[in-house]
Amino acid sequence: GVKTTWVDQRRPGAFEEAVDADTDLVYVETPANPTMMITDFREAVKAARSVGATVLADNTFATPINQRPIESGVDVVLHSATKYLGGHTDVIAGVAVTRTRPLFEKLWYMYKLLGPVIGPFEAFLVRRGIKTLPLRVHRQNRSAIALAEHLDGHPAVSKVHYPGLRSFDQHRLARRQMEGFGGMLSIELKGGYRAGLRFVESVRLATLAVSLGGAETLVEHPASMTHGTLSAKERALMGIGDGLVRVSVGLEDPDEIIEDFDRALRRRKK
């Protein structure tokens, strides 16, 4: 009984056109997985308020260190605590943060009814991870921009998707609503599907895995992994090319990460 309307969140006015009197929830993810597309919080919130809807934002990629949607009027913020909040790739957990107490009480009531209780040890792991969150994220921010700048213009790379690059289509918007640009980026490799697959199989320092936000640098090939169940046409509509590789930058020395990527890019042709 739930009707969903998909919105191109990059297009100005798209949210305003999509909402109507029956809209209850506006759900956004920014930066988006795996294209790093940015959503303008102001547009999403304005459209939702016009019809009395709630705005929910997935802030997993940015973390509270780089972006705080509630300050822009978002009602509920979600985090996969498995990722940056935990930070050590050793826990499965989630977090919901509300802007108002009444909304929290509604969520808490459903929580008690449905019983999604986190285990005490998992709660400890997330709490431990949050203690080092600023240190880890600031380092990952610096390493990610260094890697993105190195790969931008690389002869084997057709495009780098990273909000911190001036060449990124939504860089100005990212600068307006983010304090840092995060440790996530994606690159489009020349050579398509085979090149993307060969690259992720050739890294040595980085690890081929689908998670993100941990201490180690991870790479994955969406066309054959996380988005492999979609058709090529569906992936194309989402901006996911066959040669796209998603990168979660870890805590290793950035020069070593760059060296590893350069070596894998050379091997992709073999």
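Here are some notes on the pockets and the domain interface of this predicted model.

1. Start with the overall layout. The chain splits into two domains, with domain 1 covering 14-120 and domain 2 covering 133-266. Taken over C-alpha atoms, the centres of domain 1 and domain 2 are 24 Å apart. On the domain 1 side 28 residues take part in the contact, and on the domain 2 side 38 residues do.

2. Now for what that contact buries. Between them, domain 1 and domain 2 bury about 2600 Å², and 59% of that is on carbon and sulfur atoms. If you want names on the domain 1 side, look at I38, N66 and Y84: they supply 28% of the area that domain 1 buries against domain 2, more than any other three residues.

3. There are charged pairs at this interface too. Two salt bridges turn up across the interface of domain 1 and domain 2. Separately, have a look at R68 and E179, which form a salt bridge with their closest N and O atoms 2.2 Å apart.

4. On to the largest pocket, which holds about 1500 Å³ of space. Its lining takes in 42 residues, and T5, W6, V7, Q9 and Y27 are the ones nearest the centre. Both domains are involved: domain 1 and domain 2 each put at least three residues into the lining of the largest pocket.

5. Which elements build the lining of the largest pocket? Helix 1 (14-18), strand 1 (25-29) and strand 5 (157-161) each supply at least two residues. Strand 1 gives the most, with five residues. As for chemistry, the lining of the largest pocket is a mix of 18 nonpolar, 12 polar and 12 charged residues.

6. The second largest pocket comes in at about 630 Å³. It is lined by 21 residues, with L78, V95, A96, L107 and Y111 closest to its centre. By class, the lining of the second largest pocket has 17 nonpolar residues, three polar and one charged.

7. Where does the lining of the second largest pocket come from? Strand 2 (54-58), strand 3 (76-80), strand 4 (94-98) and helix 4 (101-114) each bring at least two residues. Helix 4 gives the most to this lining, with seven residues.

8. To pull the pockets together for a quick look on screen: for the largest pocket, begin at strand 1, which gives the most to its lining. For the second largest pocket, begin at helix 4, which gives the most there.

Note on methods: Residues are numbered from 1 along each chain as its sequence is written. This is a predicted model: local features need pLDDT of at least 70, side-chain atom pairs count only at pLDDT 80 or more; totals for chains, interfaces and linings use all residues. Side-chain values use heavy atoms; hydrogens and water are left out. On a 1 Å grid over the protein atoms alone, a cavity is a set of points where a 1.4 Å probe fits but cannot get out, and a pocket is an open set with protein on both sides within 12 Å along at least five of seven lines; lining residues have an atom within 4 Å of a point. Grid points are joined across faces, edges and corners, and a volume is the space filled by probe spheres set on the points. Helices (H or I, at least four residues) and strands (E, at least two) are DSSP runs, numbered from the N terminus. Ala, Val, Leu, Ile, Met, Phe, Trp, Tyr, Cys and Pro count as nonpolar, Asp, Glu, Lys and Arg as charged, and the others, Gly among them, as polar. Domain bounds come from an automatic or database domain assignment. Contact means heavy atoms within 4.5 Å. Buried area is the accessible area (1.4 Å probe) that two parts lose on being put together, summed over both. A salt bridge is a side-chain nitrogen of Lys or Arg within 4 Å of a carboxyl oxygen of Asp or Glu.
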